[in-house]
Amino acid sequence: MPELPEVEVLVRHLAPLLKNKTIRAVNVRRAKVLLPTSPHQLRRALTGAKFTGVSRRGKFLLFTLRQPQRRESLLLLGHLGMTGRIYLQPANAALPKHAAVVLNLGRQDFIYEDQRYFGRLTLATANLARLGPEPLAAEFTVERFSQALKRSVQPIKVKLLDQSLVAGVGNIYASEALFRAGISPRRSARRLKPEQVRRLWRAVRRVLAEAIACGSTIPLNHGAAVGRDRLFYFGRAANAVDYYAERLRVYDRDGEPCVRCGAAIKRITQAARSTFYCPHCQRQ
DNA sequence: CACCATGTTCCTTG
DNA sequence: CCAAGGAACATGGT
């Protein structure tokens, strides 16, 4: 499910639901997702702790908690990997097949599930330090972006996925931003002209902000039975949420006409991942 | 059987 | 130290 916009929408959804909820019990069903934290460490840290806030950094979810008898707040880090999901459900409901961690909050369970187990729910926060600037914050300046691009000979599409360049852009929005900026995904990062760097910088911000705005309008609190599998699914498979998929101009549109010029959208492989672009609108 | 999938880390090489 | 490339992780859909 997750690139920055989807994580942001999830954070906004979860924050009011979790605020002031106390964790009564911690059930670790897949220890791998905690690493390097151990199940014992997690249980000891979280049992009895109360959620005080939920925020985001790049694609990471940041849960802050207050432990009983302690002054310092505790930081729990979440990352959804490719297929992770977090939601609340009634405490007596059946657990999903790939539930990795379940936090009992009383009448509700906080479910962290991940079909492929690429994600994390951990007390280890070291990886945050490697992240680049937040694209929607003032720290993400065109100068800083430009300087970082000059040090790379990688194709710009591949470089956009580097979380130390800018935090939160993933495979979908990298293609979308390049389309909006009219830049070829194959172009070497250091060879972008200043005008292109500026256009791309703006396109990254715009594409992410629009996706957040769109995601924020989708009602997220539909019941688990209806919404769980649809929430944040944004491929274009049969059960995709059209409302969301329609917003993507090039991603997964191989062979379809470009919305701007009508040329057929192309799919190529870069760094073992799919890139979609318009060969006419994105020639340089 | 093949290939594909919203992501990151680890290892190697230069 | 840094940049870059590739395998690995694990499960499921087509």
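These legends go with close-up views of a predicted model.

**View 1. Protein residues gather around DNA strand C.** Strand C has 13 residues around it, and the closest are Arg30, Lys97, His98, Arg116 and Val153. By class, this stretch of surface is made up of six charged, four polar and three nonpolar residues. On the DNA side, look at the atoms of strand C within 4 Å of the protein: 68% of them belong to sugar or phosphate, and bases supply the rest.

**View 2. Lys97, His98 and Arg151 meet phosphate oxygens of DNA strand C.** Start with Lys97, where an N or O atom of the side chain sits 2.8 Å from a phosphate oxygen of the strand. Then move to His98, which also places a polar side-chain atom 2.8 Å from a phosphate oxygen of strand C. For Arg151, the distance from a polar side-chain atom to a phosphate oxygen of this DNA strand is 3.0 Å.

**View 3. Four strands make an open, antiparallel sheet.** Reading across, the order is E2-E3-E4-E8. Strand E2 (50–57) and strand E8 (120–122) are the edges, each with pairing on one side only. From one strand to the next, the twist averages 20 degrees. Helix H1 (residues 4–18) packs on this sheet and touches E2 and E3, and its direction makes about 165 degrees with that of E2.

**View 4. Strands E3 and E4 are joined by seven bridges.** Here E3 covers residues 60–66 and E4 covers residues 73–79, and the two run antiparallel. To find your bearings, pick out Phe60: its bridge partner in E4 is His79.

**View 5. Leu35 and Pro36 share a cis peptide bond.** Most peptide bonds are trans. Here, though, omega is about 5 degrees. Pro36 belongs to the loop that runs between strand E1 (25–28) and helix H2 (39–46).

**View 6. Asn20 and Asp252 both have a positive phi.** Most residues other than glycine have a negative phi. For Asn20 the value is near 70 degrees, and the residue is found in the loop between H1 and E1. For Asp252, phi is near 65 degrees. Asp252 lies in another loop, between helix H8 (242–245) and strand E9 (266–270). Asp252 counts as partly exposed because its relative accessibility is 32%, which falls between the 20% limit for buried and the 50% limit for exposed.

Technical notes. Residues are numbered from 1 along each chain as its sequence is written. Chains are lettered from A and ligands numbered from 1 in the order in which they are written. This is a predicted model: local features need pLDDT of at least 70, side-chain atom pairs count only at pLDDT 80 or more; totals for chains, interfaces and linings use all residues. Side-chain values use heavy atoms; hydrogens and water are left out. A residue is near a molecule or strand if one of its heavy atoms lies within 4 Å of it. A polar contact is a pair of N or O atoms within 3.5 Å; within protein, one must be able to donate a hydrogen and the other to accept it, and residues adjacent in sequence count only if both atoms are side-chain atoms. Ala, Val, Leu, Ile, Met, Phe, Trp, Tyr, Cys and Pro count as nonpolar, Asp, Glu, Lys and Arg as charged, and the others, Gly among them, as polar. Two strands pair if DSSP finds at least two bridges between them. Axes are lines fitted to C-alpha atoms, for helices over the stretch in contact, and angles run from 0 to 180 degrees between N-to-C directions. Contact means heavy atoms within 4.5 Å. Buried means under 20% relative accessible area, exposed over 50%, partly exposed in between (1.4 Å probe, protein chains only).
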